[in-house]
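User: I have a chain to look over. Please take my questions one by one and keep the answers short.

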Amino acid sequence: QVQLVESGGGLVQAGGSLRLSCAASGSISSINAMGWYRQAPEKQRELVATVNSGGSANYADSVKGRFTISRDNAKNTVYLQMNSLKPEDTAVYYCQSDITRGRLTFSYWGEGTQVTVSS
């Protein structure tokens, strides 16, 4: 079994910062891409940022220059540093990882962590 456990969400005023963490644990051979997605009320889940095993990152246009994704491969953990937060960043943030177990690769999701930005 594999688990992704997120932490770091909360309530912050506009302009503030939060740092999300997501740790993968369990029967893991290797971790490929890791990423963050978010879903606001009555909206579809959308990509926020991803990072591959080599550290190359990709961002949604809406967060470029404000959010930074990083990973610690030794700890099987991905981070999302969120600065200059806006009310429109309010959403449930989900961690996602492509994890290889044996010879097969699966996509795993965390349960989500709420981020609320007040104006």
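User: Is Asp-61 buried, partly exposed or exposed?

Analyst: First, the ground rules: this is a predicted model, where local features need pLDDT of at least 70 and side-chain atom pairs count only at pLDDT 80 or more, while totals for chains, interfaces and linings use all residues. Residues are numbered from 1 along each chain as its sequence is written, and side-chain values use heavy atoms, leaving out hydrogens and water. Buried means under 20% relative accessible area, exposed over 50%, and partly exposed in between (1.4 Å probe, protein chains only). Asp-61 has 64% relative accessibility, so Asp-61 counts as exposed.

User: Which residue forms a salt bridge with Asp-61?

Analyst: A salt bridge here is a side-chain nitrogen of Lys or Arg within 4 Å of a carboxyl oxygen of Asp or Glu. The closest N and O atoms of this pair are 3.1 Å apart. The partner is partly exposed, at 49% relative accessible area. That partner is Lys-64.

User: How many salt bridges does the whole structure hold, by your search?

Analyst: One of them joins Arg-66 and Asp-89, at 2.7 Å from N to O. Another pairs Glu-46 with Arg-38, with the closest N and O atoms 2.7 Å apart. The search of the whole structure gives four.

User: Which residues are linked in a network of salt bridges?

Analyst: Take burial before the names. Arg-38 is buried at 6%, whereas Glu-46 is partly exposed at 36%. Arg-66 is buried at 11%, and Asp-89 is buried at 1%. The network links Arg-38, Glu-46, Arg-66 and Asp-89.

User: How many residues apart in sequence are the parts that Arg-66 and Asp-89 tie together?

Analyst: Their side chains meet in a salt bridge. Arg-66 lies in the loop between strand S6 (57-59) and S7, and Asp-89 in the loop between S8 and S9, so the pair ties together parts 23 residues apart.

User: How many helices and strands are in the chain?

Analyst: Both are DSSP runs, numbered from the N terminus: helices are H or I with at least four residues, strands are E with at least two. From the N terminus on, the elements run β-β-β-β-β-β-β-β-β-β-β. The count is zero helices and 11 strands.

User: What radius of gyration does the chain have?

Analyst: The radius is taken over C-alpha atoms, and the globule rule is 2.2 Å times the number of residues to the power 0.38. The C-alpha atoms fill a box of roughly 45 × 25 × 25 Å along the principal axes. For 119 residues, a compact globule would come near 14 Å, and the chain agrees, at 14 Å.

User: Which members of the largest nonpolar core touch the most other members?

Analyst: Such a core is a set of buried Ala, Val, Leu, Ile, Met, Phe, Trp, Tyr and Cys residues joined through side-chain atoms within 4.5 Å. This core has 29 residues, and those touching the most others are Trp-36, Val-48, Phe-67, Val-78, Leu-80, Met-82 and Tyr-93. Among the strands that each supply at least two core residues are S1 (2-7), S3 (18-26), S4 (30-39) and S9 (91-101).

User: Leaving aside neighbours within four places in sequence, which residues is Ser-97 in contact with?

Analyst: Contact means heavy atoms within 4.5 Å. Ser-97 is found in strand S9. With 0% relative accessibility, Ser-97 counts as buried. The contacts are Leu-4, Ile-31, Ala-33, Met-34, Phe-106, Ser-107 and Tyr-108.

User: Which residues does the disulfide join?

Analyst: A disulfide is a pair of cysteine sulfur atoms within 2.5 Å, and the structure holds one. Its S to S distance is 2.1 Å. One partner sits in strand S3 and the other in strand S9, 73 residues apart. Both are buried, and they are Cys-22 and Cys-95.

User: Which hand does the link of Cys-22 and Cys-95 have?

Analyst: Look at the angle about the S-S bond. It is -80 degrees, and the link is left-handed.

User: What phi does Glu-42 have?

Analyst: Most residues other than glycine have a negative phi. Glu-42 lies in the loop between S4 and S5 and is exposed, at 87% relative accessible area. Although not a glycine, Glu-42 has a positive phi of about 65 degrees.

User: Where does Asn-76 lie?

Analyst: Asn-76 is not a glycine, yet has a positive phi of about 50 degrees. At 24% relative accessibility, Asn-76 is partly exposed. Its place is the loop between S7 and S8.
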